[in-house]
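Here are my notes on this one, written to be read with the structure open beside you. Let's start inside the protein and then move to the ligand.

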Amino acid sequence: MEPVLRRATHDDLPAVGTADARAFGLNYTDQALEDFRPLFEPERFVLATDPAIKAVVGVAGSFSLEVTLPGGASVPTQGLTWVSVATTHRRQGVLRWMLTDMHQGFVEEGLALSLLMASEGGIYGRFGYGQASRARSVTIDRRLARVRPDARGRGGVRFVDSDEARALAPDVHRRWVATTPGALHRDDRWWDFLLLDREADREGGSALFFLLHTDGYVAYRIQHSDNSCRVEDFFAVTDEAHAALWHTLLGLDLVHTVTSVACSLDDPLPFLLEDPRQVRTTGVVDGLWARILDVGAALSARPYATDIDVVLDVADPLPGLGGRYRLRGGPEGASCERVTTEPDVRVDIASLSTLLFGAHRARTLARAGLVVAEPSVVNRVDLAFAGEREARHGTDF
Ligand SMILES: CC(C)(COP(=O)(O)OP(=O)(O)OC[C@H]1O[C@@H](n2cnc3c(N)ncnc32)[C@H](O)[C@@H]1OP(=O)(O)O)[C@@H](O)C(=O)NCCC(=O)NCCS
């Protein structure tokens, strides 16, 4: 079956909702779709129709986003979202048709990269996406977790209501985004949407509570069924704010456990405690997936930890995008241009996208055969691409 592709219109939102509900086993009320409407940019949604039955059988959309690269540069991007194909029409190439269309559009727009969050890890590598950030879930037995008496950053935290959070949290978040690789900006539409705090999204928990510090922000809810506190948002621009906010959360008497699903792997929280083992990692999952669409623009948009001068041979299934690039860079910045000289490194576009965010080390990918070079070159690439901080995206989409 060759689907007919078209861009959505405002009137297609119910059809988009129906397709998504069927694919993910959800139930969208009319109100839920209207809540989503401000984020819905119809021209960014591709619908695939089966001409034989004149029905929508596939949807792939994207959100206009901005992401921070290691070093702090902010890059405009598109985040693929609401991707589904009707189970009646799967494995006939519908997703491939839709993504080919969308990627062509992104390239024509001049985007350096696109992003997504994957429902399954085996789908998107073939389309050039590599893991770009990871998220760690932690559980803390609050009754046993004691903050080191000499830990810095106590005080300076206050409760605010949702109106004040809406007014003041975006500035904290903007500053956090600017210093965090992989972080996604939130515009007003996103803040309005996330702070709707709809009953249906609370999973039986309380409404959100908000903690504010000059340099930090937390949103959490309480689950009375098991006396737990679930941290929904945690952004700290300084280590003092990070410590002060955790100190406050760990002072929630009556709460037995505090859970967070979005700690970075290099979060210093365990070391704020007398017993670091009380921060129990319950899972590590991939967060962001990235796909470089313009190697020169993407690699020259970030600095490198150490000086680097290598020729990369980049394998890319999208026509015209792969090839040989000379990357020259260091802590002050970088340039990356097409060349015809012999390469030092062979790498596929998905792995290069992972390296761009410093999400995994070149040495690790080389051991899996995804970065191919002399060991001394692998070492140089490894050191140069390493990020100062672990990438964390901070907003699911
Ligand atoms: C994932 C989904 C969109 C795939 O749609 P589809 O039209 O069946 O995919 P295609 O037929 O275009 O497949 C394209 C390629 O991806 C592969 N693929 C598709 N779904 C896959 C999966 N779940 N796991 C691994 N590979 C998958 C196909 O085998 C095919 O590989 P090839 O071309 O290299 O041989 C569809 O199965 C779906 O809607 N799943 C439920 C919702 C979901 O998970 N959406 C993704 C949200 S991020």
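1. First, find the largest cavity: its lining is made up of L65, L184, H185, R186, W190, T395 and F397. Keep in mind as you look that this is a predicted model.

2. What sort of residues form that lining? Four are nonpolar, two are polar and one is charged.

3. How much space lies in the largest cavity? About 30 Å³. If you go hunting for others, the count of cavities of 30 Å³ or more comes to one.

4. Now over to the ligand, which has 20 residues around it. Start with the closest of them, which are V85, R91, G93, S119 and R126. Sorted by type, the shell holds 10 nonpolar residues, five polar ones and five charged ones.

5. Next, zoom in on the oxygen atoms of the ligand. R126 puts a polar side-chain atom 2.8 Å from a ligand oxygen. The backbone joins in too: L95 has a backbone N or O atom 3.1 Å from an oxygen of the ligand, and a polar backbone atom of V94 is 3.5 Å from a ligand oxygen.

6. How much of the ligand does the protein cover? On its own the ligand has 890 Å² of accessible area, and the protein covers 77% of that.

7. Last, which elements give two or more residues to the shell around the ligand? They are α1 (13–24), β4 (74–85) and α3 (94–109). Try colouring these three, α1, β4 and α3, and see how they sit around the ligand.

Technical notes:
Residues are numbered from 1 along each chain as its sequence is written. This is a predicted model: local features need pLDDT of at least 70, side-chain atom pairs count only at pLDDT 80 or more; totals for chains, interfaces and linings use all residues. Side-chain values use heavy atoms; hydrogens and water are left out. A residue is near a molecule or strand if one of its heavy atoms lies within 4 Å of it. A polar contact is a pair of N or O atoms within 3.5 Å; within protein, one must be able to donate a hydrogen and the other to accept it, and residues adjacent in sequence count only if both atoms are side-chain atoms. Accessible areas come from the Shrake-Rupley method with a 1.4 Å probe; for residues, only the protein chains shown count as cover. Helices (H or I, at least four residues) and strands (E, at least two) are DSSP runs, numbered from the N terminus. Ala, Val, Leu, Ile, Met, Phe, Trp, Tyr, Cys and Pro count as nonpolar, Asp, Glu, Lys and Arg as charged, and the others, Gly among them, as polar. On a 1 Å grid over the protein atoms alone, a cavity is a set of points where a 1.4 Å probe fits but cannot get out, and a pocket is an open set with protein on both sides within 12 Å along at least five of seven lines; lining residues have an atom within 4 Å of a point. Grid points are joined across faces, edges and corners, and a volume is the space filled by probe spheres set on the points.
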